[in-house]
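Please open the model in your viewer and keep the selection panel at hand. The stops below are meant to be followed in order.

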Amino acid sequence: MVMKMEDTSSVLGLNRDTAAAVLEDTVYQATTQCPFCSVQCKAELTIETRRTQDETNKTAIPFRHNVTEVKGKDNKASEGRICVKGLNAHQHAVSKRRLTSPLIKKDGKLTDASWEEAIQFIADRLSTIQKESGRDAVGVYGGGSLTNETAYLLGKFARLGLGTKYIDYNGRFCMSAAASAGAKVFGMDRGLTFPLSDIEHAECIILAGTNIAECQPTLMPYFTRAQANGAQIIVIDPRRTSTAAMADLHLAVRPGMDMLLADGLLKLLKEQNMLDDHFIKDRTNGYEELEAYLSSITIEHITEQTGITEDKLRLASEMFGKAKTAMVLTARGVEQQTDGHLAVRHFINLLLATGNIGRKGCGYGAVTGQGNGQGGREHGQKADQLPGYRSIEDDQDRSYIASVWGVKPEELPRKGVSAYEMMELVHTGEIKALFVMGSNPIVSNPNATLVEEGLEHIPFLAVADMFLSETARLADVVLPVSSYMENTGTLTNLEGRVLLREAAAMPPGECRHDWEILRELAHVLGRGHFFNFNSSEAIFNELRVASRGGIADYYGITYERLRKEEGIYWPCPSEEAEGAGRIFEEHFAHADGRAIFTAQQSEVLREGLSKEFPLMLTNGRVLSHYLTGVQTRLSPGLASRQIENFVEIHPDTARHYMIREHSWVKVTSRYGEFQVRCRFNEQIRKDTLFVPMHWGGVQNVNRATRGELDPFCKMPGFKTTAVRIELS
Ligand SMILES: Nc1nc2c(c(=O)[nH]1)N[C@H]1C(S)=C(S)[C@@H](COP(=O)(O)OP(=O)(O)OC[C@H]3O[C@@H](n4cnc5c(=O)[nH]c(N)nc54)[C@H](O)[C@@H]3O)O[C@H]1N2
Ligand SMILES: Nc1nc2c(c(=O)[nH]1)N[C@H]1C(S)=C(S)[C@@H](COP(=O)(O)OP(=O)(O)OC[C@H]3O[C@@H](n4cnc5c(=O)[nH]c(N)nc54)[C@H](O)[C@@H]3O)O[C@H]1N2
Ligand code: SF4
Ligand SMILES: [Mo]
């Protein structure tokens with residue numbers, strides 16, 4: 001029997017035993033969203049269910065599902081397209097490697113335990129550590145895959161459940177440079193200032209440090225359509241990526257030199273009188289300082305530092321300057337630098353100076369990374385943040401959130417520190433217990449050896465995950481969670497559009513939703529009255545109120561509307577409001593309505609090359625894997641496309657170091673080393689190596705990256721580390 005979608009969603013809302021009985025041995029179709037990147041493509045799954053006997057754990061509800069077909073489903077972002085990761089995403093969700101029961105470490109071995117035992121154990125350990133060493137001895141570490149509801153609840157759990165100031169999340173490594181730049185320049189951080197449908201109306205598009213072809217592949221047709229309409233695309237990347245391959249001009253910048261490259265383009269635009277004086281006068285502040293700064297730098301200096309010839313620089317500035325509509329999009333290549341915040345601001349200068357924002361076919365885009373990279377940065381899992389993009393250091397914001405939560409403002413902790421700084425505090429022993437939900441920090445943090453050492457020695461580590469990730473393996477308790485297919489909640493895509501993803505299947509075994517875990521822990525900690533939620537919708541309704549009047553205002557968005565309208569842009573202050581795709585049409589979000597130019601220079605010392613470390617290591621992604629690879633390495637359809645890690649090296653450079661293609665090499669920096677397979681690429685700069693980030697252990701690129709942070713946003717300088725390479 002094939003059940004219809006409406007029937008199954010009502011069944012999935014039932015008590016677990018009843019639902020399992022109804023769904024036993026059925027085939028049904030349901031709609032979901034890919035769990036991976038920020039496009040959040042909708043997909044339709046055909047699911048077969050069966051009940052199996054689980055002899056190892058009698059208490060578990062043995063329930064398994066299998067996905068027999070995946071189809072892209074029409075929606076406004078991916079327009080029905082789905083990429084290879086989306087097509088295979090279910091493979092990790094149905095994997096036999098899923099954790100289905102809580103685990104507690106006994107005599108050094110993780111052993112099955114009941115939920116009651118596991119939750120009680122965590123609550124006891126956290127309470128004891130807080131009694132002995134103070135409330136801030138406990139840290140909480142979240143992630144951008146979590147739904148808005150879970151991210152919101154995790155922030156509330158840290159502040160009210162545990163009363164600690166230490167909470168941060170993996171988005172610190174992802175969105176912090178662009179987010180803080182948008183907040184500073186525009187007064188508001190929303191990934192794209194335009195709807196995706198505007199891209200085809202742009203006449204020139206700069207894609208800086210963004211490899212959309214591999215990282216948001218279903219967006220590619222927006223850019224090819226723009227080209228078909230006559231747009232010129234400029235890609236800035238040290239390698240000729242698949243994205244660069246479609247460009248009209250590729251600028252193979254020296255890693256870490258983007259800020260100066262943006263300045264060079266602006267200097268040339270100014271020399272050619274291609275700026276929009278009216279826009280500068282009416283809508284911006286700070287142009288005089290910028291003008292003075294531009295006069296102080298020379299084109300010779302810029303070409304020498306960036307590695308881009310003057311001819312190419314002139315060509316790029318002409319393409320950009322002649323366009324009547326233009327866009328700039330940046331991603332981690334520009335942003336994961338110790339000057340990433342300023343680099344983004346210097347790119348935005350280009351748009352402000354030419355009046356290319358707030359009109360159709362124009363604007364800035366920070367290409368958000370994770371599935372809920374946008375929503376995850378709005379509702380309070382950041383060290384300095386309260387829901388609705390409010391500030392934890394602002395008295396009015398504190399009073400408002402305290403009133404929504406029913407506490408006094410003084411009861412809210414102050415701001416903590418960023419993700420990597422929390423790891424440093426773990427290493428020094430100041431943070432004595434860590435609760436991780438939705439991240440694999442020992443693979444994804446820079447200077448991974450320090451992080452691993454810290455987590456090996458921390459007195460108490462609890463991890464909520466679907467799998468025994470590299471981090472979970474070190475934990476004292478591991479809690480099995482539901483996957484994207486099984487958990488209802490909202491996620492906000494890269495455009496700032498809030499989408500509802502409804503559960504499509506029953507969680508296997510004893511897996512619980514992240515929010516259920518937080519609710520239960522809070523109960524045992526005696527703080528249950530703040531967490532009495534029976535559904536993700538109930539959490540969302542509190543989030544709506546908490547975000548009301550804030551920058552990221554979700555008040556007007558309801559589950560009911562989301563079911564009818566597919567997706568709604570924030571800000572959406574009332575149930576009648578539409579939510580806008582294109583923002584800043586009339587004014588920016590600062591009190592005076594103006595945007596701010598940036599003339600400021602980075603004061604952080606650059607990672608320089610030396611005789612000992614003569615090459616620049618950068619890193620990033622490949623199409624078939626996702627982040628630390630925990631999910632994709634367990635999906636046969638994806639893992640088989642790229643079975644091991646590698647370093648991309650120019651053949652001339654390899655010859656110089658007497659390295660043959662496919663040999664196993666060691667890459668060493670001041671901070672550590674890793675080993676990978678060597679792969680030749682004629683299209684990478686000769687001074688640059690590129691390594692993907694999807695593997696742990698000896699293949700983990702982060703064993704060599706450095707822990708230096710951007711002073712503005714605490715983004716690590718992932719993308720530039722001086723290294724040497726040799727046969728291992
Ligand atoms: N397939 C796949 N897709 C993903 C992800 C994934 O893991 N796999 N992750 C998602 C997430 S969380 C994120 S944050 C995004 C990331 O999306 P992107 O930022 O596009 O991905 P990266 O590969 O990290 O970096 C992009 C490009 O920056 C280049 N680069 C390196 N150093 C520099 C530099 O100094 N300057 C410039 N201009 N470019 C440089 C790299 O060569 C690379 O091609 O992707 C999302 N989508
Ligand atoms: N060298 C280098 N390092 C980088 C980067 C880089 O470009 N270069 N990029 C950085 C960026 S942009 C990012 S976003 C980070 C990502 O870094 P991580 O957060 O460490 O990456 P993930 O692999 O997504 O880890 C997510 C973990 O949570 C689990 N998980 C997935 N969904 C859920 C859920 O709903 N609930 C729970 N409880 N668990 C879940 C997964 O199984 C996995 O173990 O890495 C950063 N590190
Ligand atoms: S990885 Fe991104 S582009 Fe690919 S299907 Fe998933 S959401 Fe869509
Ligand atoms: Mo990311």
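The tour goes from the enclosed spaces to a ligand and then to single cysteines.

This is a predicted model, in which local features need pLDDT of at least 70, side-chain atom pairs count only at pLDDT 80 or more, and totals for chains, interfaces and linings use all residues. Residues are numbered from 1 along each chain as its sequence is written, ligands are numbered from 1 in the order in which they are written, and side-chain values use heavy atoms, with hydrogens and water left out.

Begin with the cavities, each a set of points on a 1 Å grid over the protein atoms alone where a 1.4 Å probe fits but cannot get out; there are five of 30 Å³ or more. The second largest has a volume of about 90 Å³, a volume being the space filled by probe spheres set on the points. Select Cys-34, Cys-37, Cys-41, Cys-83 and Thr-218, which are the closest to its centre among the 14 residues that line this cavity, lining residues having an atom within 4 Å of a point.

Now show ligand 3, which takes up the space of the second largest cavity, in the sense that more than half of its atoms lie within 2 Å of the grid points. The residues around ligand 3, with a heavy atom within 4 Å of it, include Phe-36, Gln-40, Ile-82, Lys-85, Gly-86 and Pro-217.

Finally, select Cys-41, which counts as buried (under 20% relative accessible area, 1.4 Å probe, protein chains only) because its relative accessibility is 7%. Cys-572 is likewise buried, at 0%. The structure holds zero disulfides, meaning pairs of cysteine sulfur atoms within 2.5 Å.

Note on methods:
On a 1 Å grid over the protein atoms alone, a cavity is a set of points where a 1.4 Å probe fits but cannot get out, and a pocket is an open set with protein on both sides within 12 Å along at least five of seven lines; lining residues have an atom within 4 Å of a point. Buried means under 20% relative accessible area, exposed over 50%, partly exposed in between (1.4 Å probe, protein chains only).
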